[in-house]
Amino acid sequence: MPRVMLLFTLTAALASCRTYDAYAPVTDQAGLVPASQAAQYGAEQAQAIAIGRALGAAYAGDRPTDYARQVTGSIEYALSLPGVRSVVPDTLGHRLTVTFASGWRTAVLPIPDGVAPDSTPGLPPRP
């Protein structure tokens, strides 16, 4: 009986170890409104979706330097859009905090759906 309990305890301990992949849960779009539909809610929402798509398309790996490159390119894209006032990166959290000229602030997560950021419906033209 003690061997069975030891085996059970060891199995439970190994099964409960969490994986250290933090990117996959953040980018999982299951159960969310589709990105193209959410982009139709308004111009700022379309810009947030486009920034998320740029962030998802720039994914290059799991090292901190890869995250920094991913975020740098996405920030440049975000600041090229009209109405984006500021962007604050969180490289290890895989997100950007975007503040628009209207005062709306939102967290933008990577959207790896394979759609080009500039193909987002409802996106206002760049200046």
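**Helix packing, aromatic pairs and the largest pocket**

In helix α5, the buried residues are D66, Y67, Q70, V71, S74, I75, Y77 and A78. These residues span an arc of only 165° around the axis, which places them on the same side of α5. This description, like those that follow, refers to a predicted model. An α-helix has 3.6 residues a turn, so residues three or four places apart point the same way. The face of α5 that is turned away from the buried side carries the exposed residues R69 and E76, whereas the cover over the buried residues includes α2, α4, β1 (84–90) and β2 (95–100). With its 16 residues, α5 reaches 22 Å from its first C-alpha to its last, which is close to the 22 Å expected at 1.5 Å a residue.

Helix α1, which comprises residues 2–15, likewise has a span close to expectation: its 14 residues reach 20 Å from the first C-alpha to the last, where 20 Å is expected at 1.5 Å a residue. Helix α1 is nevertheless hardly covered, and the count of buried residues among its 14 residues is zero.

Two aromatic pairs are present in the structure. One of them joins Y23 and Y59, which are stacked with a centre-to-centre distance of 4.0 Å and an angle of 15° between the planes. Because Y23 belongs to helix α2 (residues 23–27) and Y59 to the loop between α4 (43–57) and α5 (64–79), this pair ties together parts that are 36 residues apart in sequence. The two partners are covered to unlike degrees, since Y23 is buried at a relative accessible area of 9%, while Y59, at 31% relative accessibility, counts as partly exposed. In the pair made by F100 and W104, the ring centres lie 5.2 Å apart and the planes meet at 15°, so this pair is also stacked. Here F100 is buried, with a relative accessible area of 0%, and W104 is partly exposed, with a relative accessible area of 29%.

The surroundings of W104 and F100 can be followed further through T99 and G83. T99 lies in strand β2 and, at 11% relative accessibility, counts as buried. When its neighbours within four places in sequence are left aside, T99 is in contact with G83, V84, R85, S86, W104 and R105. G83, for its part, is found in the loop between α5 and β1 and counts as partly exposed at 37% relative accessibility. Its contacts, again leaving aside neighbours within four places in sequence, are with T99, F100 and A101. G83 and A43 are separated by 40 residues in sequence, and their C-alpha atoms are 9.3 Å apart in space.

The largest pocket has a volume of about 330 Å³. Its lining is made up of 16 residues, of which Q29, L32, I49, A107 and I111 are the closest to the centre of the pocket. Among the elements that contribute to this lining, α3 (35–38), α4 and β3 (105–108) each supply at least two residues. Helix α4 thus appears both in the lining of the largest pocket and in the cover over the buried residues of α5.

Note on methods
Residues are numbered from 1 along each chain as its sequence is written. This is a predicted model: local features need pLDDT of at least 70, side-chain atom pairs count only at pLDDT 80 or more; totals for chains, interfaces and linings use all residues. Side-chain values use heavy atoms; hydrogens and water are left out. Rings of Phe, Tyr and Trp (its six-membered ring) pair if their centres lie within 6.5 Å; planes under 30 degrees apart count as stacked, over 60 as edge-to-face and the rest as tilted. Helices (H or I, at least four residues) and strands (E, at least two) are DSSP runs, numbered from the N terminus. Buried means under 20% relative accessible area, exposed over 50%, partly exposed in between (1.4 Å probe, protein chains only). The expected span of a helix is 1.5 Å times one less than its number of residues. The arc is that of the directions from the helix axis to the C-beta atoms. Contact means heavy atoms within 4.5 Å. On a 1 Å grid over the protein atoms alone, a cavity is a set of points where a 1.4 Å probe fits but cannot get out, and a pocket is an open set with protein on both sides within 12 Å along at least five of seven lines; lining residues have an atom within 4 Å of a point. Grid points are joined across faces, edges and corners, and a volume is the space filled by probe spheres set on the points.
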